[in-house]
Amino acid sequence: MTDARRSSSEAVPDPIPDLIVEKLALGELPEGQARAVRERLGEAADDRLQALERSNEEILREHPPSQVTAEVQRRLARLEEDDERARARSGPGWMVWAPVAAAAGVALVWWIGQGDPAGPGAGPGAGPGQPEVIAQADPKVVPEKILLKGDPVLMIDRVVDGRPARMSTEDRVAAGDLLQVKYNAKGAEQGVVVSVDGAGVATLHFPGTQSDDPRLDHGGAIYLPQSYELDDAPGFERFFFVTVDTAEPRLDVAQVMDAARTLAGSESAEQGSLALPEGWRQQSLLLRK
């Protein structure tokens, strides 16, 4: 793969979401990330924090956690009743998924209350191994604490006539196709994007060089600064996103590249994993040629 450096543009950073500012106010961001968020907020940092605090107080007055918990429990009970009726109607040979299952791609939050999860206010059925309440995120309701769910995500768009089209694993591409790579760190602090191809070549896409800083940006989808034009390597092009959750120690980009070169030259390049230390997460996206 070659760095085409054409039809590429610097992406405009996403604004800092209120959720990240909320985590900053609660002291829940790692030191490095908190510093980076304050720098991006600039002079508006104190105003955003104060406005968010006022908004939280107002929302909590209008929607006390105990009332919200009771309402969510009531709706879950109704969904479960509907599910039971659906199963009864479907008869043998049909499977009906529970309505509270965490479907892929659906953002969920955990509502964390005070004290024993099985104590007062936990609702019927709460106990060991069960969350107190599961609900879809509602921007009008701010729980006492929320935990984001999901892993970092690597995304690739094929750009045709200036328009991006999202690619999925096993999609077909061809030599000359222009690809735009982006990621969503989702809390991971450091990351590396590499690819291996059917010619046994490993290519580093992020950071720019092995000596560059692998710290990830946050705040939604982050585009890599260059788009890439596929060469004529046969068979496939496979992209990897390697991440670690901590800011220290520094992620060893050279070690990731060594693992990518080893995999690229092996018979497992198409389906195998990178040989990386325990605790380093990896995901891949395979494009067929």
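This tour proceeds through a helix, a sheet, a hairpin, an aromatic cluster and several salt bridges. The structure is a predicted model.

**Stop 1: helix α2**

Begin by selecting residues 31-41, which form helix α2. Which residues of this helix are buried? They are Gln33, Ala34, Val37 and Leu41. Viewed along the axis, these four cover an arc of only 100°, which places them on the same side of α2. The general rule behind such a pattern is that an α-helix has 3.6 residues a turn, so residues three or four places apart point the same way. Now add Glu31 and Glu39 to the selection: both are exposed, and they lie on the other side of α2. Continue past the end of the helix to Gly42, which follows α2 and has a positive phi, near 60°.

**Stop 2: the open sheet**

Next, display the strands β7, β6, β10 and β11, which form an open sheet in that order. The pairing in this sheet is antiparallel. Which strands form the edges? They are β7 and β11 (281-288), each of which pairs on one side only. Turning the view across the sheet shows its twist, which averages 20° from one strand to the next.

Now restrict the view to β10 and β11. These two strands run antiparallel and are joined by eight bridges. To find a point of contact, select Phe240, which stands opposite Ser284 in β11. When following side chains along a strand, recall that in a regular strand they alternate between the two faces of the sheet.

**Stop 3: strand β3 and its two partners**

Select residues 153-160, which make up strand β3. Strand β3 pairs with β5 in the antiparallel sense, over seven bridges. On this side, choose Arg158, whose bridge partner in β5 is Leu179.

Then add residues 163-166, which form strand β4. The pairing of β3 with β4 is also antiparallel, and it extends over four bridges. Here Val159 stands opposite Pro164 in β4. How many residues lie between β3 and β4 in their hairpin? There are two, and Asp161 in the turn has a positive phi of about 55°.

Remain with the hairpin strands and show the side chains of Asp157 and Arg166. They meet in a salt bridge, with 2.8 Å from N to O. Asp157 is buried, with a relative accessible area of 3%, whereas Arg166 is partly exposed at 47%.

**Stop 4: the aromatic cluster**

Select Tyr183, Phe206 and Phe241, which ring pairs link into a cluster. The structure holds two aromatic pairs. A pair of aromatic rings is described by the distance of the centres and the angle of the planes.

Look first at Tyr183 and Phe206: their ring centres are 5.9 Å apart and their planes stand at 45°, so this pair is tilted. Tyr183 belongs to strand β5 (residues 178-184) and Phe206 to strand β7 (residues 202-206), and the pair links distant parts of the chain, 23 residues apart.

Turn next to Tyr183 and Phe241. This pair is tilted, with 5.6 Å from centre to centre and 35° between the planes. Because Tyr183 lies in β5 and Phe241 in strand β10 (residues 236-244), the pair ties together parts that are 58 residues apart in sequence. Are these residues buried or exposed? Tyr183 and Phe206 are buried, and Phe241 is buried as well.

**Stop 5: salt bridges around β10 and β11**

The structure holds 11 salt bridges. Select Glu237 and Lys289, whose side chains meet in one of them, at 3.4 Å from N to O. This pair links distant parts of the chain, since Glu237 is in β10 and Lys289 is in the segment after β11, 52 residues apart. Glu237 is buried, with a relative accessible area of 0%, while Lys289 is partly exposed at 23%.

Move on to Glu270 and Arg288, which form a salt bridge with their closest N and O atoms 2.0 Å apart. Glu270 lies in the loop between α5 (253-264) and β11, and Arg288 in strand β11, so the pair ties together parts that are 18 residues apart in sequence. Glu270 counts as partly exposed at 28% relative accessibility, whereas Arg288 is buried at 17%.

Finally, select Asp151, Asp245 and Arg281. These three residues are linked in a network of salt bridges.

Conventions: Residues are numbered from 1 along each chain as its sequence is written. This is a predicted model: local features need pLDDT of at least 70, side-chain atom pairs count only at pLDDT 80 or more; totals for chains, interfaces and linings use all residues. Side-chain values use heavy atoms; hydrogens and water are left out. Buried means under 20% relative accessible area, exposed over 50%, partly exposed in between (1.4 Å probe, protein chains only). The arc is that of the directions from the helix axis to the C-beta atoms. Rings of Phe, Tyr and Trp (its six-membered ring) pair if their centres lie within 6.5 Å; planes under 30 degrees apart count as stacked, over 60 as edge-to-face and the rest as tilted. Two strands pair if DSSP finds at least two bridges between them. Axes are lines fitted to C-alpha atoms, for helices over the stretch in contact, and angles run from 0 to 180 degrees between N-to-C directions. A salt bridge is a side-chain nitrogen of Lys or Arg within 4 Å of a carboxyl oxygen of Asp or Glu.
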